[in-house]
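Thanks for making the time, everyone. I would like to walk through a few local features of this model with you, so please keep the display in view while I talk.

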Amino acid sequence: MITLMVNGTPRPVDLSPDTPLLWALRDALSLTGTKFGCGIGSCGSCTVLLDGAPVRSCQVTVAEVKGRKVTTIEGLSPDGSHPVQRAWIADEVPQCGYCQPGQIVAAAALLARKPRPTDADIDDAMDGILCRCGTYDRIRRAIHRAAKEGGR
Amino acid sequence: MTGTEMGRRTFLEIAGAAGLWLAASPLRVAAAGPEAAAAGFQPSAWLNVDPKGLVTIWVGKSEMGQGSYTGMAVLVAEELEADWKAIRVVQADANARYGRMSTGGSSSVRGSWEPLRKAGAAAREMLVSAAAARWGVDPASCSAAKGEVLHAASGRRLGFGEVALDAASLPVPEKPVLKDPRDFTLIGKAVPRLDTPPKSRGAAVFGIDVRVPGMLHAVVARPPALEGKVARFDAAKALAVPGVRKVVEVPSGVAVLADTTWAALRGREALGAVFDAGPNGALDSAAIARLLVSAPLEPAPARNEGDVEAALSSAARKLSATYTLPFLAHAAMEPLNCTARVDGNGAELWAATQSPQRARTEVATALGISEDKVTVHVTYMGGGFGRRLYPDFPVEAALVAKAAGVPVQVTWSRGDDFRGDLFRPCGRNELRAGLDARGNLVAWHHVVRSPSLSRQSSGNRSAPPGTLEGAVGFPYRAGAVRIEAAVPTVGVRIGAWRSVYSSQNAFPEESFIDELAHAAGKDPLAFRRSLLPADHPLQAVLSLAAEKSGWGKKLPKGVARGIACHSCFGSHVAEVAEVSLVKGAIRVRRVVVAVSCGTALNPDSVAQQMEGSVVYGLSAALRGEITFAKGGAEQANFPDQDPLHISEMPRVETHIVPSTAAPGGIGEPGLPPIAPAVANALFALTGKRLRSLPFKLS
Ligand code: FES
Ligand code: FES
């Protein structure tokens with residue numbers, strides 16, 4: 001048994017220690033908001049926050065994250081009211097929506113680090129998170145909106 | 001929470017919190033399906049009004065990102081005069097009662113425009129009649145709005161729920177009167193999408209998120225080449241991996257079932273499956289290119305007007321060019337997957353499918369049971385783009401569940417999803433044209449060489465090939481026109497890919513027209529407009545795109561514009577791309593899209609689809625290419641096939657030609673013009689004509 005700290009709750013999982021965090025979240029804990037896209041760290045759909053910083057959850061094992069704070073899309077806010085989530089709704093960002101949990105948690109981490117990001121900051125922080133539906137324009141718009149309205 | 005636990009109180013709580021009830025969980029959808037809501041007034045398959053006034057609308061189209069979940073509900077609610085803030089929308093299970101559920105060909109709004117509005121209008125007329133009878137007044141003196149019937153003269157009102165049971169006993173009107181478009185309150189408005197809040201919370205349930213009690217996670221080892229077979233494998237080695245529970249053989253390969261997808265993947269590696277390559281085991285891209293060149297022309301051209309050879313021989317200028325296009329993968333963000341439970345009572349599937357009815361039929365056939373024993377629940381889908389029209393993944397999941405005797409979720413790894421795709425066909429286009437001394441087009445000859453989807457799927461080599469879609473409708477005036485196909489048979493699975501053959505044929509057509517414009521010494525926009533009939537719908541989108549993009553105005557040094565247009569799926573689109581080179585790489589800075597799609601059911605959804613089509617088309621044009629070796633695709637994950645990133649995203653501006661005509665498609669028509677618009681801009685920038693996709697500058 002390894003106990004993970006997910007969204008502020010201790011969650012024991014009975015998995016081999018080399019299991020990627022992604023599969024522990026999705027298949028052992030039924031936290032399916034975090035998505036599988038490639039399994040090799042090149043799409044960003046599986047992005048979660050580890051001690052507040054974005055990581056590809058397919059690229060870290062449960063052994064590595066033991067004792068550290070994992071935040072998934074389900075834990076970003078109790079009711080979907082995080083400023084980034086509100087901005088996502090206001091700008092109608094999602095199309096299919098599959099990449100969006102990864103985009104949203106990465107955007108939240110960016111804003112926590114840089115409350116007023118420039119376009120270049122957004123490119124840097126968000127670049128590897130693929131969206132096949134082409135929501136990039138709106139992601140940029142929504143991050144700027146969240147930056148502006150974040151405090152309110 | 002399961003569906004049965006989800007009582008009315010919960011519904012109201014959720015409605016109160018979010019404004020709307022969302023069928024976020026397919027398990028919930030299943031239990032709250034048609035049977036559960038049958039009490040009350042249900043004049044058609046599409047809606048129910050219960051005695052408490054709760055309006056339920058069933059959506060028979062799949063939500064893959066294009067907004068149909070909201071759009072379909074809007075069509076019913078608009079005519080019903082339901083209170084949009086108090087409706088429940090449920091994704092329908094596969095059933096003939098919903099008509100054709102297949103979601104493809106940009107057909108959802110087009111095909112539902114009349115029937116869904118009529119269903120809403122019929123129900124509204126019945127509710128009004130029931131209320132009028134209650135009051136003893138003429139129904140014509142009553143109206144409906146926001147879930148109520150009103151009698152203006154007396155100020156009386158009755159909620160839909162209060163007259164629902166009365167309405168249920170009335171005959172369904174055959175010719176209900178539809179609203180005047182000027183009175184629309186939802187259609188044509190940017191109604192917020194119902195699926196946006198759950199998708200922003202991670203609460204939307206995609207196929208891959210379904211969790212059925214007792215379910216195992218599976219992956220399947222499949223032969224890489226079409227018609228390959230499993231030769232041998234070592235089940236014991238797979239079973240030795242911690243978490244692996246079962247290994248079963250199915251017609252498509254060997255399935256490894258485990259507690260987690262990760263353990264199943266590890267088990268599959270341990271399996272050491274070896275395959276017989278089969279008849280296509282030597283196929284590679286060079287061989288496929290030879291097949292394209294050597295395929296004979298079809299016996300008769302699909303279009304033959306005037307004498308092309310005579311016109312060419314007397315033309316002042318003759319041009320010819322060959323354009324080539326690669327195979328492409330769909331690569332939706334959600335890899336293919338399906339969840340299935342099969343037991344003595346039948347089969348239940350949860351699938352992100354664009355074709356639930358076809359999946360149901362083919363699963364029944366594969367299991368040897370009758371269709372009424374198969375339930376197919378449709379989940380949200382993480383992109384479709386045509387791949388999810390094909391029923392191979394639900395059929396396989398059902399067979400794995402049956403063989404293993406447990407509920408199972410079969411997940412395709414990204415490599416499985418790439419290699420097991422039904423690819424957008426490759427193409428080779430041979431074009432010839434002639435100009436007279438004044439630069440008028442006097443001859444146009446287009447040969448499309450591409451494998452045929454319809455022939456491969458039907459096995460009928462004389463079926464109409466369909467490969468000329470997007471080419472045969474050549475819209476420009478030319479003295480003589482010949483358009484014809486050569487149709488090679490290629491041992492690679494092919495499938496519909498966003499905008500299908502228009503995704504291939506618009507590139508050569510709109511690039512070659514640009515070549516002709518330059519050869520004639522004319523402005524590419526003016527050249528196109530002079531060749532189109534004055535009332536052609538492309539005229540309006542060309543002039544709108546030109547105006548909004550500042551066509552003809554000066555651009556900064558190192559930036560150039562290109563224009564292209566195309567009509568497909570009932571809509572017309574023109575795009576102007578602004579392109580520059582950044583460190584030798586192509587950079588598309590801005591794309592202005594003008595679209596004529598009849599009534600824009602939701603203008604913001606139209607804009608989303610144009611943005612999405614531009615990105616999907618650009619990803620393909622810049623880097624999309626599947627090559628083959630030993631019968632299998634050589635690309636297996638995203639670094640090999642790198643779609644557009646946010647840092648490369650052009651600013652996309654969408655402008656809609658206003659209209660009250662019936663809607664055209666929006667999911668696909670934005671795609672075909674982007675590759676030629678960029679190619680034409682690159683020519684303007686560099687003087688180099690790129691005739692192959694993906695673009696390679698050197
Ligand atoms: S699934 Fe982890 S980066 Fe793609
Ligand atoms: S919204 Fe579909 S992949 Fe991003």
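Strand 25 and strand 28 (residues 651–656) of chain B pair in the parallel sense over 6 bridges, and within that pairing V593(B) stands opposite T654(B) of strand 28. When I say helix or strand I mean DSSP runs, numbered from the N terminus, with helices being H or I of at least four residues and strands being E of at least two, and two strands are said to pair if DSSP finds at least two bridges between them.

I should say early that this is a predicted model, in which local features need pLDDT of at least 70 and side-chain atom pairs count only at pLDDT 80 or more, while totals for chains, interfaces and linings use all residues. Residues are numbered from 1 along each chain as its sequence is written, chains are lettered from A and ligands numbered from 1 in the order in which they are written, and side-chain values use heavy atoms, with hydrogens and water left out.

Strand 25 of chain B also pairs with strand 24 (residues 571–582) of chain B, this time in the antiparallel sense and over 11 bridges, with V573(B) opposite V595(B) of strand 25. These two strands form a hairpin with 2 residues between them, and K583(B) in the turn has a positive phi of about 50°. Why do we describe strand 25 of chain B as largely enclosed by the rest of the structure? Because 9 of its 12 residues, which run from 585 to 596, are buried, where buried means under 20% relative accessible area, exposed over 50%, and partly exposed in between, using a 1.4 Å probe and protein chains only.

Let me turn to two other residues with positive phi. A331(B), whose phi is near 50°, sits in the loop between strand 15 and strand 16 of chain B and is buried, at 3% relative accessibility. K630(B) is not a glycine either, yet has a positive phi of about 50°; its place is the loop between strand 26 and strand 27 of chain B, and K630(B) is exposed, with a relative accessible area of 67%.

Finally, S619(B) belongs to helix 18 (residues 603–623) of chain B and is buried, at 7% relative accessible area. Leaving aside residues up to four places away in sequence, S619(B) touches R132(A), G624(B), P643(B) and L644(B), contact here meaning heavy atoms within 4.5 Å.
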